[in-house]
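Q: Please take a close look at one part of this model, a single sheet. How is it put together, and what packs on it?

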Protein chains: 2
Amino acid sequence: MDQRTKLPVVGMVGGGQLARMTHQAAIALGQSLKVLSAGPDESAALVAHDVELGSHTELADLQRFAEHVDVLTFDHEHVPGEFIEALEQSGIEVHPGAEALQFAQDKLKMRRRVGDWGGADQPRWAPVSTLDEVLEFGELPLVLKAATGGYDGKGVWVLRDADQAREVVEALASAGTPMLVEELVPLRRELAVLVARSKFGQASAWPVVQTVQEDGICVEVIAPAPELDEHTATTATAMAIALAEELGVTGVMAIELFESTDGRILVNELAMRPHNSGHWSMDGAVTGQFEQHLRAVLDYPLGDTSLRAPYTVMANVLGGEDGGPGIDERVHHLMARWPQIKIHLYGKEVRPGRKIGHVNISGDDLPRLREIAQAAAAYLQKGTFDE
Amino acid sequence: MDQRTKLPVVGMVGGGQLARMTHQAAIALGQSLKVLSAGPDESAALVAHDVELGSHTELADLQRFAEHVDVLTFDHEHVPGEFIEALEQSGIEVHPGAEALQFAQDKLKMRRRVGDWGGADQPRWAPVSTLDEVLEFGELPLVLKAATGGYDGKGVWVLRDADQAREVVEALASAGTPMLVEELVPLRRELAVLVARSKFGQASAWPVVQTVQEDGICVEVIAPAPELDEHTATTATAMAIALAEELGVTGVMAIELFESTDGRILVNELAMRPHNSGHWSMDGAVTGQFEQHLRAVLDYPLGDTSLRAPYTVMANVLGGEDGGPGIDERVHHLMARWPQIKIHLYGKEVRPGRKIGHVNISGDDLPRLREIAQAAAAYLQKGTFDE
């Protein structure tokens, strides 16, 4: 409890852009997010008032940080599960808890758990540890995933021929990385559904969105997913809420989905935190995902997830080759060209391909919104309008 | 220039809620607002990363603070004009500048300047220094204003009878406070128009709003002002933009207006900063006033001021008699009752009558929106639903 504001204190482990935007949302709720950051120049550490420097892989750092917070939550899923359990056992409120978070940390555990549950379809999958097991599973191409540690397409490979398959599998095997193999789903497109669930058990979902990936990185999100039939949308949303309940999630959970060419909806991955597929909600929904995550972990009632506009398109801004010396000038030109665009920059050092921000744009002319969002993101990256 | 983000640095003098909400908006622009705060527990000092403690009435504090910013701006209008001039003369970018800001700091200067300009109507007024001059001006009731230092109804008196008039005038005269007297305008209602103007000279306005005052404090704002005829709205907006140009304002300027019973629109007061009458724009407009103020002082192109909904109603949350021990529980109940309400709390210690936050609600059923906004604000203040 902050004696000045008489409100509970939320601490977030990790100083990335998700913590940065959670702090932004916290300000409106009378809060000031405490951040455990690996360094002083991390995205959230530049803007939060209460920053502690420390490592998410040092239990002592986590314990010290947790001493002055009422609720502990996460910017990422990389805190070792045994540390989270230790924190919980010492009486600290952790949301999501270790029991739920393991299913976002370990893809093997997630596949088994969702399979046992039976409430959602998944790609056909199997745990593997050798190339033979991969080839026994089915004909190439197949998808190989490292069970832990991946993000933004890292840790996922499409195995297209035996030589490449051998190389990847042997590299992972020699590193001792647990693996799973999955069918390569023939894709119509990728979707995502975001839910939030509070400690009390209230759950709420935003409309199902379409996500567009390039090289495994999400580059664009369309909210709501266009031309998604109502039955599919309702089913996916109900599944997401049921899964959040089943896993005992507290906070925001993103479920990345495949829509197959034959219309099946299959669970791809889970994330238990605010997620890139929900950045549109900052401007496109009455309650954005960062505010909702705070409400959920604080055990406040959840906010209205209604759309503020028929469509909102989010495009990720990636770092350009030039290291971003002209970012200020680019922002200037972008604002001049599209005064209706909402810019979100993360204050991060620009490195090629790194997510350094995103833009949102809302309206009713979806093709035009997509053109503008893509052109705006590309301009911030490259400094040329190639709309 | 922040070498980490390669973006210019904005510093704001004053640690109140306006700085707090400006920091919130700054985060999206890749910025981190630097704040000069009188104490560590001020509203903005609780949430901003870069806080310097110091006084806005100490030139040395201002100079030290300004050393590490590219643009200096203000949370309030209480920095002495000669200090602002000194900062400008030493080469610091200050927005708004001393030349413009004096008209928000001194009501006598403002009345003279607007009168000389001739582009806007004002109440009949005169400078006074004695009761005789007040009584010569016209019959009571009249309005007496201290030329400087007032806010939230402080520094403004309605003189209703000779005894009370004598008391007020003599008190001000003995304190050496310059005064002016004005006709008591027969009011249909109060309006406000908010504009932003960049250093380059680009200007933009939000729709004219209606403001509701109680005891001189703004308690409610309706955006846009209902049933305002288009000609009046257009005229008031054009006047506001022209006045911002005339005065050389950079940043947001609020013009508080009287709409008289006979339909005249008269300038009441000016504020050169984000203003309570613009808090609705945080949720009700594509670009909120805090982001727009930053764009204007950074000389970025201004953002779209379109409405996000037919109506947005803002209600101020005032501190209750109990000092707010139950604010966390009240927030909880409020969120449960109205998930669509946007809450903005300032982190301030609760004192009776003090502005500690506001709520916004958007939609199309104006009477219902007003009921909810008022009931929500009253609940946070008193802990009872008396809708």
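A: A suitable starting point is A:Met12, which stands opposite A:Val35 in S2(A). The model is predicted: local features need pLDDT of at least 70, side-chain atom pairs count only at pLDDT 80 or more, and totals for chains, interfaces and linings use all residues. Residues are numbered from 1 along each chain as its sequence is written, chains are lettered from A and ligands numbered from 1 in the order in which they are written, and side-chain values use heavy atoms, without hydrogens and water.

Strand S1 of chain A covers residues 10-13 and strand S2 of chain A covers residues 34-37; strands here are DSSP runs (E, at least two residues), and helices are runs of H or I with at least four, numbered from the N terminus. S1(A) and S2(A) run parallel and are joined by three bridges, where pairing requires that DSSP find at least two bridges between two strands.

These two strands belong to an open sheet of four strands in chain A, in the order S3-S2-S1-S4, with parallel pairing. Its edges are formed by strand S3 (50-53) and strand S4 (71-74) of chain A; each has a single partner strand, so one side of each is left without a neighbour in the sheet. On average, neighbouring strands of this sheet are turned by 25 degrees against each other, direction ignored.

Helix H2 of chain A, residues 59-66, packs on the sheet and touches S1, S2, S3 and S4 of chain A, contact being heavy atoms within 4.5 Å. The direction of H2(A) makes about 165 degrees with that of S2(A); axes are lines fitted to C-alpha atoms, for helices over the stretch in contact, and angles run from 0 to 180 degrees between N-to-C directions.
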